[in-house]
Amino acid sequence: MAKAWFTLNVNDKKRRVKIEPDEPLLWILRDDLDLTGTKFGCGVGECGSCSVLIDGIARRSCRVQAQNVSSGQKIVTIEGLGTRENLSPLQKAFVEHTAFGCGFCTPGMIITATALLALNPNPTREEIIEAMDNNLCRCGSYPNVIEAIMAFTNGTKP
Amino acid sequence: MEVTRRQFLKSLGSSCLLYAVSYVPGSGMQKIYSEPWPADKEDIECRFYALDTNYLDCFAFHEDGRVTVLAGRTELGQGFETVLNAIVTQGLDIPSNRLTIVLGNTDVCPDHGPTVGSSATEQVAWGIWEACSQLRKDIIRRAAKTHKLQVKDLIYQGGVVRSKREPERVIKPVETGRGEIVYMTLDPQASSSDRVTLEYKDLGLDNVNAESIVTGTRKYASDLKLPGTLYADWHIPPYHRKLTRIKSVDLADARATSGVNRVERIGSKVVALAERYNDVVKTLTRVKSVWEKPNRPKELRVEEEIRAGAVFQEIKEQTGDVNAGLASSYKTVTETYRTHYTAWAPIETYSALAKMEPGGDEVTIWSGSQYPHRVRELASLSLNLPESAIHFIHSPVGGAFGGKVAPPVSQEAADLSRRVGAPVKVIYSRKNQFQKRGLYKQACVFDFSTGVGTDGRLQARKLDIYQDLGEGTRDTYAAPHILIKHYRTDMPVNQANTRGTSYVQIGFAQESHMDMVAKAIGHDPFEFRRNNVVLESFVPLIDACADMIRYPRSGLGPDEGIGIGLCNHGARQMGVAAAHVKVNRKTGKVHVKEICAAYDIGTIINHRTVTTCLRGGMIWGLGWVLREEVKLDGHSVYTEHLTDYGVPRFSDTPEIKLQFLDNERPGKPRGCGELAVIPTVAAIANAVYHAIGVRFYTTPITPEKVLKALGKT
Ligand code: FES
Ligand code: FES
């Protein structure tokens, strides 16, 4: 396949990359745009560590090809949610609840949880589990992640 | 490690005061050594044993008040850096922004052995705490000498020495000897005159890497890049690597892949290199190869083959006359348990970046490792370069669990970098992560014969352990007659330790068996254990678990059950877990509703770190006993995806309650990571028995097996 120019809107910036049309978004983010917070864990859509928001929906960037994202779609990576000096409230909750072990799956967890909370600002424990169930963490940080999300929403839903 | 002035001046600048601290032999400070690397095996995870040693931690006091600590062991996601941070900031009374901790850089860090078996906190962190207490005293003495003051007039506070008489007078440690190296040998038994007495307080610190983790800015080895870096990965055989050899390979198609830089056969291996990882992936699907078919049956009869190939190793324990003890027992229970193959399956696959200098005589490697000095040693052998020419820099690891001690990925990256004259980053595909090394947590067989008296006390315990790696458990149960033998065996795949070490399998088997012994005489499993544990200090832990999980209780729903499991992990760490499960008779699925656990693990450095680690270990245990399995037969491994392997998920997550009875036997921290896994697997298996009255003699307890046992297939 021949390389072609693509324009992507990533973290509110227009980025142009020359790339093969079937290149997975994951590797464009990591290699062309230096956004390495989006992780490679399986490459086949099973682990969720490569999750990014595309128009607010959590998608697996290893399964999204360059040719299938339009320049009008807004891509948000973990780097677009907050910085060390200015953490997003959910990122803060993850810090406060040590919602990680090695931290490798964590960006994907935070992205997926951000998408969940946008749709359902007050999820129950069961709703959290359902929404997050395809994000894998081998360190077993699940209880802490659930706690972080519950604390963030105050667990006010009955 | 030889601490050379040159090394330190190079790494720290000449204006610091440097302490190189060693520990006197016999002081309980141990380095874990690994057995020599067997020359006949290309790739194994090593076996370890502990030995007293002197080793050197280094503390550098800088002009600007910063302190650098160079220590052994590495951060693997278990929170070791956080633990060290908590200890040194308190030990030296400095804020955390003035402390730099360097771990896993072979140029400057001491060789403390591998970070395995939860020993880092106990052995390294606590040693550093002891060091801080004696360092404070020494710095006061030095200050008195250099500034002609009285020791009794000086105190150490806020990282400096102050005069009690003139509060304005401040002496920085570095002022007592710029560019000087002080060699200090610590004796934990040192008299109070040689130390400042410190009392550790758990301040509940955030993980020191939390902010970089949640913002995605923490750089794992797979995230590092140098200009001109090529990605690489391997084509692997379709058969067990130790049973096959490559016959022929056709690379024409692969070489025609657009974007590929090189496809090369190196010995029996084929590697693809490209600027883009996606091109490496595409290229590898086009490699055609023919391999020798293994010269053995395709069917793998695990238990039979383990027994057939067993070689007696040693008698682990022998007291009394076990056969006489069994013969005179009121009841005897004879059972066999068998476990299955599992994998580490970290979310970050093996990754390493290496840059060989032009000329090929010096290389820098970035990767995650549980034992950086071992990586350097192995790279030195395989690259035929002196160790001093190999600079290994430990990078954050996306999960290790015993599988990243010194994996070959570092050597591979270094070798490829030399071949292609560019930096090379090797990243294993998920399939390669599962299959390339051919190392798995082993299937084992355990034969038990246990005799018990009318009073419910164990009379005789006979146990044959068939386990290639590791050696079963420290004894949990007392009996007047004991005979435990250990056999090793050779199987088509090699054996490796994972989280929970080699105690997981026997933990499952022994605790399942003890339940059956209790049953044989009609005793309650909790009470039976209270009567038979080898250490009295188990009893409060059992009580705590019974209490938390409300056992015994009436009103458990249908097909619900509660089970208990114990673990004695080396006499210094004890854990008990109780699990509450519900079995779905339609699907056969075991749902773990709750796990409660109590631990006796000594002083807790950072409660938050320990809790996170323990919960993670419990989920690991749940996965091992109910979900995970590497599918293999006598020829091949078939597992290549995380989902068919069965890594536990959010929906498997039980409610977890923990209690620490560290007041029972306070003292130095004793580590805990492994301790979470072992009692959990046993508690779940026993809860399943309590729920449906079916004992499972093989793991994992899958829905298929449950349905079959319930007569529903
Ligand atoms: S890397 Fe995309 S889901 Fe695993
Ligand atoms: S924190 Fe290690 S994989 Fe999730």
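# Exercises on chains A and B

Chain A carries 17 positive and 17 negative side chains, and the centres of the two sets lie 4 Å apart. Here Lys and Arg count as positive and Asp and Glu as negative, with His and the chain ends not counted; each charge is placed at NZ of Lys, CZ of Arg, CG of Asp or CD of Glu.

The model is predicted, so local features need pLDDT of at least 70 and side-chain atom pairs count only at pLDDT 80 or more, while totals for chains, interfaces and linings use all residues. Residues are numbered from 1 along each chain as its sequence is written, chains are lettered from A and ligands numbered from 1 in the order in which they are written, and side-chain values use heavy atoms, with hydrogens and water left out.

## Exercise 1

Task: describe the elements and overall dimensions of chain A.

Solution:
- Step 1. Chain A contains 5 helices and 5 strands; these are DSSP runs (helices H or I, at least four residues; strands E, at least two), numbered from the N terminus.
- Step 2. Read from the N terminus, the order is β-β-α-β-β-β-α-α-α-α.
- Step 3. The C-alpha atoms of chain A fill a box of roughly 55 × 30 × 30 Å along the principal axes.
- Step 4. The radius of gyration of chain A is 16 Å, which agrees with the value near 15 Å for a compact globule of 158 residues. The radius is taken over C-alpha atoms, and the globule rule is 2.2 Å times the number of residues to the power 0.38.

## Exercise 2

Task: state how chain A is divided into domains and how many residues of each domain are in contact with the other.

Solution:
- Step 1. Domain 1 of chain A covers 4-79 and domain 2 covers 89-153, with bounds from an automatic or database domain assignment.
- Step 2. The centres of the two domains, taken over C-alpha atoms, are separated by 21 Å.
- Step 3. Across the two domains of chain A, 16 residues of domain 1 are in contact with 13 residues of domain 2; contact means heavy atoms within 4.5 Å.

## Exercise 3

Task: give the buried share and the long-range contact share for chain A and for chain B.

Solution:
- Step 1. In chain A, 60% of the 158 residues are buried. Buried means under 20% relative accessible area, exposed over 50%, and partly exposed in between (1.4 Å probe, protein chains only).
- Step 2. In chain B, the buried share is 63% of 713 residues.
- Step 3. Among contacts with a separation of 6 or more, residues 24 or more positions apart account for 53% in chain A and for 76% in chain B.

## Exercise 4

Task: locate B:Leu353 and decide whether it is buried or exposed.

Solution:
- Step 1. B:Leu353 sits in strand β18 (residues 351-356) of chain B.
- Step 2. B:Leu353 counts as buried because its relative accessibility is 1%.
- Step 3. B:Leu224 is 129 residues from B:Leu353 in sequence, yet their C-alpha atoms are 7.1 Å apart.
- Step 4. Beyond four places in sequence, B:Leu353 touches several residues, including B:Leu224, B:Trp366 and B:Val424.

## Exercise 5

Task: place B:Thr342 and B:Gln90 in chain B and explain why each is classed as it is.

Solution:
- Step 1. B:Thr342 belongs to the loop between β17 (331-338) and β18; at 1% relative accessibility it counts as buried.
- Step 2. B:Gln90 is part of helix α2 (residues 80-91), and its relative accessible area of 18% makes it buried.
- Step 3. Outside four places in sequence, the contacts of B:Thr342 include B:Tyr440 and B:Trp624, and those of B:Gln90 include B:Trp129 and B:Arg136.
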